[in-house]
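Colleague: I should be grateful for a close look at one buried part of this model and at what packs around it. Please begin with a single residue and proceed outward from there.

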Amino acid sequence: MSIELPPVIAAFFHATNTREFSDFLSLFTLNAHVNDEANDYYGAEIAAWIDRATADTKPTADVAGITGEGGQFVVTAGVSGNFPGSPVQLRYYFTLKDGKIATLLIKA
């Protein structure tokens with residue numbers, strides 16, 4: 001069974017899993033906000049965040065489910081990589097605006 005993700009969310013997970021970040025910022029609104037591990041990143045800081053967050057740990061997310069509608073979605077994924085406690089189950093809270101990610105909160 002394939003899980004149908006909104007295109008921008010599918011692109012986010014594809015980029016994260018392949019570490020192809022050349023167009024990563026284009027997935028986000030100009031003033032987007034990401035919260036990961038209790039740290040906040042805004043706008044252009046998001047590019048540095050994803051590079052730093054994946055450089056050593058090389059995470060791979062296996063999407064298990066999605067709920068939501070309109071511009072609000074919660075994606076659950078099993079994430080494995082080179083980090084203590086791998087694999088972990090994470091929830092990604094996306095708020096979309098005009099087909100882009102406006103807010104992303106990542107929680108265990």
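Modeller: The model is a predicted one, and a suitable starting point is Thr16, which lies in helix H1, spanning residues 7–18. Its relative accessibility is 9%, and because buried means under 20%, Thr16 counts as buried. The side chain of this threonine reaches back within the helix region to Phe12, whose backbone oxygen is 2.9 Å away. Beyond its neighbours within four places in sequence, Thr16 is in contact with Phe21, Phe24, Ile50 and Pro59.

Two of these residues lead further. Ile50 belongs to helix H2 (residues 45–55), whose buried residues are Ile46, Trp49, Ile50 and Thr54. These four cover an arc of only 105° around the axis, and they therefore lie on the same side of H2. Among the elements that cover the buried residues of H2 are H1, strand E1 (28–36), strand E2 (39–42) and E6.

Phe24, the other residue to follow, is also in contact with Phe12. When neighbours within four places in sequence are set aside, the contacts of Phe12 are Phe24, Leu27, Phe28, Trp49, Tyr92, Phe94, Ile101 and Leu104. Several of these names recur in the largest nonpolar core, which has 29 residues; those touching the most other members are Phe12, Phe13, Phe24, Trp49, Tyr92 and Phe94. Two or more residues of this core come from each of H1, E1, H2, strand E3 (60–69), E4, E5 and E6. H1 gives the most, with five residues. As a general matter, nonpolar side chains in soluble globular proteins tend to be buried together.

The strands that contribute to this core can be described by their pairing. Strand E4 (residues 72–80) pairs with strand E5 (residues 88–97) in the antiparallel sense, over eight bridges. E5 in turn pairs with strand E6 (residues 100–107), again antiparallel, over seven bridges. Tyr93 illustrates both pairings: in E5 it is the bridge partner of Val74, and it stands opposite Leu105 in E6. E5 and E6 form a hairpin with two residues between them, and Asp98 in this turn has a positive phi of about 55°.

To draw the parts together, Thr16 is a buried residue of H1, and its contact with Ile50 leads to the buried side of H2. From Phe12, contacts extend to Trp49, Tyr92 and Phe94, and these residues are, with Phe12, among those that touch the most other members of the core.

Technical notes. Residues are numbered from 1 along each chain as its sequence is written. This is a predicted model: local features need pLDDT of at least 70, side-chain atom pairs count only at pLDDT 80 or more; totals for chains, interfaces and linings use all residues. Side-chain values use heavy atoms; hydrogens and water are left out. Buried means under 20% relative accessible area, exposed over 50%, partly exposed in between (1.4 Å probe, protein chains only). A polar contact is a pair of N or O atoms within 3.5 Å; within protein, one must be able to donate a hydrogen and the other to accept it, and residues adjacent in sequence count only if both atoms are side-chain atoms. Contact means heavy atoms within 4.5 Å. Two strands pair if DSSP finds at least two bridges between them. The arc is that of the directions from the helix axis to the C-beta atoms. A nonpolar core is a set of buried Ala, Val, Leu, Ile, Met, Phe, Trp, Tyr and Cys residues joined through side-chain atoms within 4.5 Å.
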